[in-house]
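Here are some friendly notes to read alongside the structure. Have it open while you go through them.

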Amino acid sequence: MTNQPPRPRRAALTRAAFVTAPLCMLVYGLIRLSDPDHGPGAAWTAGHIALLAGVLQFALILPALHRMTGPARGAGRLGAAAATLLGLAGMLAVTAQAVIDLVVGFRAADRPEMSRLFDEIQSHPGVLPAVYTVGPVLFYVGLLWLLVHLAVQRRVSPWRPVMVLLGTATTVVSLDLLPLGALFFTAALLPRSLPLTARPERQEPSSVTP
């Protein structure tokens, strides 16, 4: 992976994504709280569209965080690349989960039928770990790893990875706490004072021969 700066239009979209992605997660959490039956219906569909919109924006955010690590070498460079790839893999898993939830919501007439369809889908080999248990965890691991890496480099404040850790822990405790978790992610990704460019390569002083 390279640390080339994005084009102006993409850079503007990326900066906006740092705000709108966690806000989409907040919208999803609030809609979920308003729907005690958890689908199917308009609330289920709207909530998962918001979730999908938020998750897809991390296709811009994760590479941007990787570019911020600058021209690291050796283990640091490999670590940043691995964290980005893990985050993107997890993002794909969460995307697949949101798409499945939308399709099931459209196909099912009531909650028992949704449960039957989910059981049918999850019974296929590999689907449960890839989409529901292991896969989504990679997203949080990759995002946290990147921010810790940047904090060690002193490119971001140490409280940013702490906010991601709190947001992740809050979501794990209960999905009903998704709005609170989204607020932690919003704080972690606020683009203000976030250097969305790579650290310039340090130039070696040129030797002067007599």
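1. A quick word on confidence before anything else: pLDDT is the predictor's confidence in each residue, from 0 to 100. This is a predicted model, and the protein has a mean pLDDT of 88. Of its residues, 88% reach 70 or more.

2. Where is confidence lowest and where is it highest? The low end is helix 1 (residues 8-33), with a mean of 93, and the high end is helix 2 (residues 42-56), at 97.

3. Please take care with residues 198-210, where pLDDT stays under 50. The model has 14 contacts beyond four places in sequence for this stretch. Where pLDDT is low, the predicted coordinates should not be read in detail.

4. Next, have a look at F58, which is found in helix 3 (residues 58-68). Is F58 buried or exposed? With a relative accessible area of 1%, F58 is buried. Leaving aside neighbours within four places in sequence, its contacts are A21, M25, P63, L88, M91, F139, L143 and L189. You can also find G87 from here: the C-alpha atoms of F58 and G87 are separated by 8.6 Å, with the two residues 29 apart along the chain.

5. On to charged pairs: how many salt bridges are there? The count comes to 3. One of them joins R32 to D176, with 2.9 Å between the closest N and O atoms. This pair links distant parts of the chain, 144 residues apart: R32 sits in helix 1, and D176 lies in the loop between helix 8 (159-173) and helix 9 (178-189).

6. The two partners in that pair are worth viewing by accessibility. R32 has a relative accessible area of 17%, so it counts as buried, under the 20% cut-off. D176, at 42% relative accessibility, is partly exposed.

7. Helix 5 (residues 111-122) holds both R116 and E113, 3 residues apart, so about one helical turn separates them. Their salt bridge has its closest N and O atoms 3.8 Å apart. R116 is partly exposed, with a relative accessible area of 45%, and E113 is partly exposed at 25%.

8. R116 also forms a salt bridge with E120, where the closest N and O atoms are 3.5 Å apart. Because E120 and R116 are 4 residues apart in helix 5, about one helical turn lies between them. E120 is partly exposed, at 42% relative accessibility. Taken together, E113, R116 and E120 are linked in a network of salt bridges.

How values were computed. Residues numbered from 1 in each chain as written. Predicted model: local features only at pLDDT ≥ 70, side-chain atom pairs only at ≥ 80, totals over all residues. Heavy atoms only, no water. Helix = DSSP H or I, 4+ residues; strand = E, 2+ residues; numbered from the N terminus. Contact = heavy atoms within 4.5 Å. Buried < 20%, exposed > 50% of the residue type's maximum accessible area, 1.4 Å probe, protein only. Salt bridge = Lys/Arg side-chain N within 4 Å of Asp/Glu carboxyl O.
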